[in-house]
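Biologist: Could you take me through one part of this protein at close range, and set that part against the whole chain? I would like a careful, connected account that I can follow with the model open beside me.

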Amino acid sequence: MCGIVGILGSHPVSQDLVDALRRLEYRGYDSAGIATVENGHLERRRAEGKLRNLEQRLLEDPLQGMTGIGHTRWATHGKPTESNAHPHMSDTVSVVHNGIIENFRTLREDLAGKGHVFDSDTDTEAVVHLITEELNNCDDPVQAVREAIAKLEGAFAVGIVFAGHDDLMIAARKGSPLAIGHGNEAMYLGSDAIALAPFTDEITYLEEGDMAVLRRAGAEIFDKDGLPVKRPAIRSQVSSFLVDKGNHRHFMAKEIHEQPEVISQTLSHYIDMAEGRVDYPDLGIDLSDLTRVTISACGTAYYAGLVGKYWIERFARVPVEIDVASELRYREAPLPAGGLALFVSQSGETADTLAVLRYCRAQGQRIASIVNVRTSTIARESDVVLPTLAGPEIGVASTKAFTCQLAALAGLTLLIGRARGTISPELEQELVQGLLEVPRHMAEIMADETQYEHLAHDLSKARDVLYLGRGINYPLALEGALKLKEISYIHAEGYAAGELKHGPIALIDENVPVIVVAPEDELHDKTVSNVQEVAARGGKIILISNGADDAAGCELMAHIQVPDAHPFSHPILYAVPIQLIAYHTAVFMGTDVDQPRNLAKSVTVE
Ligand code: M6R
């Protein structure tokens, strides 16, 4: 992952680099650093941990250069120490890098044999010494970078500055995103347009294999064959304002509470209110003849896709294959001609998801994506983009993006079902009505969070927590466990309720809370039977359900009541209690809710 920035400016750039890095901290926050060209020399400051540590370092020891690069790191190779923080540099070359150089060991050995001395454990430092070596041979930075990147294997986006070259920055990308910003006698480089928003809205996205030579007067871009190429400059719609927490203590809380509004916006985007039916862009494929849908995604987005599978198979009667992208990308799965491949991603930059998209395209699939960032690589490489209107999601734990993905998937189910004649106009109206009531019900759930605060005391003492759900609530159990573990660091697992007796029941004792997602639907009684099995073994049950149901007389540790709602909308609605459970438990435990350890918001490496 990692975020990179670069500025060729007309005044000292260190503060601007830090401001841009703040907008990229969602890509990693293990360490940060900047390097500038000062009086012909390279100077750098780095700090372990979050960006504020680097800011402190710069206050004590400022940088004055007007050409510089910056980096915020999510550690891949080497611990998150200052010596492994970017930029890495030799006397002549400084590099920031996002991605993984897969052949770095070979390069390191070779370069060490030529006398290069390494002082970090990173793969990136091999790039520094490789360019330095080439520069020693040809004395031309552009040629040196061209020769060096031809020798790199893996994925990278790099920004490079050179001692003695105040008006030069070179960028290159293969597999990792990179954008150039055009200013007035200034040029910018960033992992995305968000980082550059305070400086310019004129953005050029580099394409696979591109190398760009930036000077204050403009940029020259060369394609993967080294030929000069023109890439369009577009007006970015990204806001230059940093999103704030409003009255909330954390971004996650704010984003949970925004859900009624952003779900409304997403539903409005896909529903013709006057007609009570869904209204989607043309997918460019005959849906009445659809033989299969292949869904791929990672993490929470994958669980949204799993709910989509239950919906599409049940209501539209089309078989759906779904797999986590990191598996599907290497599984060499056969895909039938004329199929629809659907990708779900908040960021639109997740490396594994993007790789599967490219695999599916090569297999002749029609590519549709549900993304929150419309300018993202996944969006740009899709035939059809189905946006979620969640707005920027800053908290690493996905909340509003998840429920908006579900809203888009619910509508898509209706679209496919209508085209295939499995959903009648009457049923479509009924299901649409059910969806339109979600925002109101969500607001009801969030009206009083005291119960979650109390529950947090008990849950915080647990070492393990199990989540159970059956049918379409099974993905919610998986999502609940992911949410809890990623922000509270309590070990949690989600299981299909019926699977309990096939192994996990061995874990149940009076110390293991079991959170059961069990709305009163046609499978409710079966789930309650599983609850009884837990109760019989002394497990502590937290039931999330509607009505006055008490799980057939079982003693409950807590009963979280959810308003009665149309069963079609249950997965969207029941997401809220599981988010609140995780949030309040993490707050009670005092963890870093918005930036949990070891994680990053956007995962652009394998
Ligand atoms: O940006 P994406 O939706 O593609 O990201 C996928 C996952 O990395 C993401 O959902 C992750 O699992 C979240 N931290 C979950 O809260």
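Modeller: Two residues are said to be in contact when heavy atoms of theirs lie within 4.5 Å. On that basis, and bearing in mind that this is a predicted model, 70% of the contacts between residues at least 6 apart in sequence join residues at least 24 apart. The protein contains 19 helices and 27 strands. Its radius of gyration is 26 Å, close to the 25 Å that the globule rule gives for 606 residues, so the protein is as compact as a globular protein of that length. The C-alpha trace spans about 80 × 55 × 45 Å along the principal axes, and 61% of the 606 residues count as buried. The accessible surface comes to about 23000 Å², with 48% of that area belonging to carbon and sulfur atoms. As for charge, there are 54 positive and 85 negative side chains, and the centres of these two sets lie 2 Å apart.

For the close look, I would choose Glu220, which sits in strand E13, a strand made up of residues 218-222. Glu220 counts as partly exposed because its relative accessibility is 44%, a value that falls between the 20% limit for buried residues and the 50% limit for exposed ones. Once its neighbours within four places in sequence are left aside, Glu220 is in contact with Met211, Ala212 and Val213. On the other side in sequence, Lys230 is 10 residues from Glu220, and the C-alpha atoms of Glu220 and Lys230 are 8.1 Å apart in space.

Notes. Residues are numbered from 1 along each chain as its sequence is written. Side-chain values use heavy atoms; hydrogens and water are left out. Helices (H or I, at least four residues) and strands (E, at least two) are DSSP runs, numbered from the N terminus. The radius of gyration is taken over C-alpha atoms; the globule rule is 2.2 Å times the number of residues to the power 0.38. Buried means under 20% relative accessible area, exposed over 50%, partly exposed in between (1.4 Å probe, protein chains only). Accessible areas come from the Shrake-Rupley method with a 1.4 Å probe; for residues, only the protein chains shown count as cover. Lys and Arg count as positive and Asp and Glu as negative; His and the chain ends are not counted. The place of a charge is taken as NZ of Lys, CZ of Arg, CG of Asp or CD of Glu.
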